[in-house]
Amino acid sequence: MYDPQTNSFLNNILDQLDLDLSDKDLLRFITRLSGNFEVIHNHFLGIYGEKSSNHKHIKNLVEELVKAFQAREKDLRQWDLKRESDRGWLLSEQLVGSMFYLDRYSGNLKGFLTKIPYLKELGINVIHLMPLLKSPKINNDGGYAVSDYRKVDERYGSMSEIKSIAKKLRENDMHLILDIVVNHTSNEHIWAKKAAKGEKKYQEFYYTYEDRQIPDSFESTLPEIFPTTEPGNFTYHPGMKKWIMTVFHDFQWDLNYTNPLVLIEMVKVLLYLANQGVDIFRLDAVPFLWKRMGTASQNEPEAHTILQLIKACIEVVSPGLPFIAEAIVAPPEIVKYFGDGDFAGKECDIAYNATLMTLLWDAVATKNSKLLVAGLRHQLAKPLGTTWLCYIRSHDDIGLGYEDAYAREVGYTPHLHRQYLVNFFTGKYDDSFAMGLPFMFDPKTGDARISGTTASLAGLEKALGQGKKAELDKAIDRIILLHAIIISFGGIPLIYYGDELGTTNHYSYVKESGKSEDNRWVHRPIFDWEKAEKRNQKGTVEYRIFQALKKLIAIRKKSPEFADLNNRELLTTDNEHIFAYLRIRDNLKTLCLYNLHDEPQKIGSYVLHQVNFDLKKGIIDKYRRKPAPYNEYYIELPPYQFFWITQKV
Ligand code: GLC
């Protein structure tokens, strides 16, 4: 809302810049700036205080926005206008994503260009290139330890190649996601190096302490992210003679956002990368942005304020550039990254649906949908215009972070059930088909997370090893079933690279330096292009999975009711082994039914009346393109099969 004093402050800043207001693009920029300035101003002073130095910082921030806008190329400005006028593009059924480690997939950026036809064949159009900015050779946490935000790592190529890839993807109606590691830098970043040499200004970019007093106080409530390999949250730097906060690895120094200079520098980084043509930013580890003693220092209110402030700045220069929140936290906290209250829909645009992901794995192990349904029922509604990333696997481990209350609600003892899942997925039980690895087993709490590829967790690796055809069929069906869910659930499905071919665990990571200690690399395979060739060879595992996923994606793109317009209804049925929901848009309606069990399951045909199908007109299964089978009493689903039942129109 217009506020005279804030507006006059903005006018003063703009008056001092020599701007040519006859430029239409610039006028549009100023309209956006005046729209967002109050948020920028109030959030900044809200966090950093009403001090004259902070007014200077705000002025500096506005100058940076103007500079970035002036540097923004004409074609990107045109793209911005298109995005601005179509806020719904993110929610569309047309989007299907995937993610790639360049070195493991295509070698480098140049190589990636040659893979575009393969991706198009499958139907992928949202491309997440895993961190590719400059990072140390060994201590890099898969690129999540950045040593220069303005350089592409030479292993992958150059910034000008990013520019041309972004352009090429846009020409192909595809979108580029890039990671921005906002929470920490590598210890080899120039800020860290200067801090290490004793420059006070840069020591204040991080949390550094002379003795253990403050670190110890923090430690009493901070959880450990990598308890087995990286216990504790502080690292001693002998050169500096100081303790540095390092919540992740000891070479990842947490940035100190209580220092306004850090925030301004990070906004500059984002502006720079937006101007290279990146379409979507994945903001890494956002729950950790603000530390507060006496708490877990995750999901603090200021972390949200900072994200809203960053969003308000970036939007002024490149409107319509969505943010993905990488916030794999407790379900009620995740949804807050879309912004709430007055800021609903004004923080991040996309978030990982970690609740769906975790509970899908629960459903795989238990062959039962009850915890999945309970968790999803509790998932708070997200603001209009925002969407989920729906995924089965990502490059990270699977954390069993569902709320205890949901587990109790459906009759489980939460910690025993978690233990059961870890045991199941790490193959401890005779009847378990999964071959995962326990990640970060913490003897203090007894907790563990799980590593492993979709195929290995879903039974393919074991079935191949045993050479049992029936088990192989089941594993393939499980993989397809899980994908059918993420493709139709609502949100952008994210297919993990290699899953489209049934790629099993990659054990040779233990021979790679810098990776052997971190078993998440077991599910970050070197992509096997010979295996990919088999996708065209009838009867192979690769053919069966690839062709099924390709078909599911193609159907999604022809199903407007699969767009994410808060148009999904979860259904409670008389059979817990069946997961059911309805997708509706205008007069289009699809009832999605999934049998999670390895035996046939029935569901009462009342469900067809419940969703108001006109049975006289006939109903068809979209996937098989055949009339959906049902009788007067029930619909029967074969083991691990699903129906996408729709009314003929
Ligand atoms: C995110 C990344 C993860 C990384 C961590 C630290 O959670 O997804 O791979 O280890 O951030 O940067």
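This is a short walk through a predicted model, with stops at the ligand, two cavities and a set of paired strands.

**Stop 1: the ligand**

Select the ligand and show the residues around it. There are 13 of them, and the closest are Asp141, His184, Asp284, His395 and Asp396. Colour this shell by class and you will find three nonpolar, three polar and seven charged residues.

Now turn on distances to the ligand's oxygen atoms. Which polar side-chain atoms should you pick? Begin with aspartate 141, where a side-chain N or O atom is 2.6 Å from a ligand oxygen. Go on to aspartate 284, with a polar side-chain atom 3.0 Å from an oxygen of the ligand. Then pick arginine 520, whose side chain places an N or O atom 3.1 Å from a ligand oxygen. If you switch on a surface here, keep two numbers in mind: the ligand taken alone exposes 310 Å², and the protein buries 95% of that.

**Stop 2: the largest cavity**

Next, hide the ligand and look for enclosed space. How many cavities of 30 Å³ or more are there? The count comes to four. The largest holds about 60 Å³ of space. To find this cavity, select Trp79, Asp80, Asp279, Gly320 and Leu321, the closest to its centre among the 13 residues of its lining. Then highlight helix H4, residues 74-85, which gives four residues, the largest share of that lining. By class, the lining divides into five nonpolar, three polar and five charged residues.

**Stop 3: the second largest cavity**

Keep H4 highlighted and add helix H2, residues 24-48: these are the elements that give two or more residues to the lining of the second largest cavity. Its volume is about 50 Å³. Show Asp25, Arg28, Arg32, Phe69, Arg77, Asp80 and Leu81 as sticks to see what lines this cavity. The lining has two nonpolar residues, no polar ones and five charged ones. Asp80 is worth a label, as it appears in the lining of the largest cavity and in that of the second largest.

**Stop 4: strands S7, S8 and S9**

Finally, select residues 242-245, which make up strand S9. On one side of your selection list, add S8, residues 234-237, which pairs with S9 in the antiparallel sense over four bridges. Tyrosine 236 has tryptophan 243 as its bridge partner in S9. S8 and S9 form a hairpin with four residues between them, and in the turn lysine 241 has a positive phi of about 60°.

Then add S7, residues 208-209, which is antiparallel to S9 and joined to it by two bridges. Here threonine 208 has isoleucine 244 as its partner in S9.

Key. Residues are numbered from 1 along each chain as its sequence is written. This is a predicted model: local features need pLDDT of at least 70, side-chain atom pairs count only at pLDDT 80 or more; totals for chains, interfaces and linings use all residues. Side-chain values use heavy atoms; hydrogens and water are left out. Two strands pair if DSSP finds at least two bridges between them. On a 1 Å grid over the protein atoms alone, a cavity is a set of points where a 1.4 Å probe fits but cannot get out, and a pocket is an open set with protein on both sides within 12 Å along at least five of seven lines; lining residues have an atom within 4 Å of a point. Grid points are joined across faces, edges and corners, and a volume is the space filled by probe spheres set on the points. Ala, Val, Leu, Ile, Met, Phe, Trp, Tyr, Cys and Pro count as nonpolar, Asp, Glu, Lys and Arg as charged, and the others, Gly among them, as polar. A residue is near a molecule or strand if one of its heavy atoms lies within 4 Å of it. A polar contact is a pair of N or O atoms within 3.5 Å; within protein, one must be able to donate a hydrogen and the other to accept it, and residues adjacent in sequence count only if both atoms are side-chain atoms. Accessible areas come from the Shrake-Rupley method with a 1.4 Å probe; for residues, only the protein chains shown count as cover.
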